[in-house]
Amino acid sequence: MASHRKLRAAAVVCAAVVVTGPAPAAAWAATARADAVPSGAAAPAPSPDPFEGLTADEIGDRAVTATRSATSLRMTGRVVSEGQPLDIDFAVDDSGECTGVMKVKGGTSELRRLDRVTYIKGDEAFWRASMTSQGIPEAQIGATLELIRDRWLKIAPGQAGSEDLGGVCDLKSLLDDLDKDEKQRRGLTRGPDGKVDGTPVATLVRKKAGGETTTVSVSEQGKPYILKTVRTGGKEPGAVVLSDYDKPVDVKAPPADETVDLSKLDQGTPS
């Protein structure tokens, strides 16, 4: 229980997916933006292109700058890490607070972080998969499950796993990675425009040798935020939607009587 490697993997994957704005690619398939028009009706005038005259790389630059300026966002989707599908739904803000749900290996966990304290609650399948992956003996797994069943595990700053779990909630770190290697944002091409949850988007594509393709959808309304990334081919395919930019993230600490302090587990006491 000292470190939750599956959650650490989730933090890495979240960062990798958000970074796919500049990431590689190999074939896109986006929905055309044209709406159906009744027979005989005049086609509506197309909306002005806010990126007219810009190259795909220049649009990518604007998207990275806008997205890095966000004070909060929500990311939802499915990615693959180390061959395992990982479903995520997290809302994160720039103060290090977050709340969300993660599903892996048939297990589900909920994570909350505020005031640098992390709370995590998982079902039996999640905890069993996590502890088994760390080589914890079955007898110890059973005893630990009895202590944390239907409870939140409370991890204070400085305790084992706090830093790794906090990485999931570090918005600044996730967004800083967008600008980590500017060279990775070169060589983009623009595909047909589309929509993400009804918002018109410009579609940027990058192909990588070996068959990996990354498609990035950039909002054409308001700030040019990255709204969706899709990676196909390669070892870590997946799709993540980014939404709720700059909206408050409401995080509440679980009731004290529903928590177990990490430091107590070694002592065998639940409070």
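**Group meeting: a walk through the loops, helices and salt bridges**

Hi everyone, let's start at aspartate 197, which you'll find in the loop between E7 and strand E8 (199-208). Before I go on, please keep in mind that this is a predicted model. Back to our residue: aspartate 197 has a phi near 50°, which is a positive value in a residue other than glycine. For background, most residues other than glycine have a negative phi. Is aspartate 197 buried or exposed? With a relative accessibility of 70%, aspartate 197 counts as exposed.

There is another residue like that. Aspartate 115 also isn't a glycine, and its phi is positive, about 55°. Aspartate 115 sits in the loop between strand E4 (107-114) and strand E5 (117-122). At 62% relative accessibility, aspartate 115 counts as exposed too.

Let me step back to the whole chain. It has seven helices and 12 strands. Of its 271 residues, 46% are buried. If you take contacts between residues at least 6 apart in sequence, 59% of them join residues at least 24 apart.

Valine 218, in strand E9, is a nice example of a long-range neighbour. Its relative accessible area is 0%, so valine 218 is buried. Which residues does valine 218 touch, leaving out those up to four places away in sequence? The list is Phe51, Ile59, Ala63, Pro200, Val201, Ala202, Leu204, Pro224 and Tyr225. Look at alanine 63 in particular: 155 residues separate it from valine 218 along the chain, yet their C-alpha atoms are 6.5 Å apart.

Now for the charges. How many salt bridges does the structure hold? There are 14. I'll take you through a few.

One of them joins arginine 190 to aspartate 49, with the closest N and O atoms 3.1 Å apart. Arginine 190 belongs to strand E7 (residues 189-196), while aspartate 49 is in the loop between helix H1 (5-18) and helix H2 (56-68), so this pair ties together parts that are 141 residues apart in sequence. Both partners are partly exposed: arginine 190 has a relative accessible area of 29%, and aspartate 49 has 26%.

Next, glutamate 212 and arginine 231 form a salt bridge, their closest N and O atoms being 3.9 Å apart. Glutamate 212 is in strand E9 (residues 212-219) and arginine 231 in strand E10 (residues 226-232), so here the parts being tied together are 19 residues apart in sequence. What about their accessibility? Glutamate 212 is buried, at 12% relative accessible area, and arginine 231 is buried as well, at 15%.

A third pair is aspartate 244 with lysine 247, whose side chains meet in a salt bridge at 3.6 Å, N to O. Aspartate 244 is partly exposed at 31%, and lysine 247 is partly exposed at 47%. Elsewhere, Glu124, Arg128, Glu138, Glu146 and Arg149 are joined into one network by salt bridges that share partners.

Some of those names come back when we look at two helices. Two packed helices are described by the angle between their axes and the distance between the axes. For helix H3 (residues 124-133) and helix H4 (residues 138-148), the angle is about 145° and the axes are 10 Å apart. The crossing of H3 past H4 is right-handed. Which residues make the contact? From H3 we have Glu124, Trp127, Arg128, Met131 and Thr132, and from H4 we have Glu138, Ile141, Thr144, Leu145 and Ile148. Sorted by class, that contact has five nonpolar, two polar and three charged residues.

Staying with H3, its buried residues include Trp127 and Met131, along with Phe126, Ala129 and Ser130. After H3 comes glycine 135, with a positive phi near 75°.

I've kept a puzzle for last: glutamate 97. Its place is the loop between strand E2 (84-93) and strand E3 (98-104). Glutamate 97 is buried, yet it has no salt bridge. Where is the nearest side chain of opposite charge? That is arginine 113, 9.0 Å away. A salt bridge needs the nitrogen and oxygen within 4 Å. Leaving out residues up to four places away in sequence, glutamate 97 touches Ala91, Val92, Arg113, Leu114, Asp115, Cys169 and Val251. Asp115 in that list is the exposed aspartate we met earlier.

Thanks for listening, and I'm happy to take questions!

How values were computed
Residues numbered from 1 in each chain as written. Predicted model: local features only at pLDDT ≥ 70, side-chain atom pairs only at ≥ 80, totals over all residues. Heavy atoms only, no water. Axes fitted to C-alpha atoms, helices over the stretch in contact; angles between N-to-C directions. Helix = DSSP H or I, 4+ residues; strand = E, 2+ residues; numbered from the N terminus. Left-handed = near helix turned anticlockwise from the far one by under 90°. Contact = heavy atoms within 4.5 Å. Nonpolar A, V, L, I, M, F, W, Y, C, P; charged D, E, K, R; others polar. Buried < 20%, exposed > 50% of the residue type's maximum accessible area, 1.4 Å probe, protein only. Lys, Arg positive; Asp, Glu negative; His and termini not counted.
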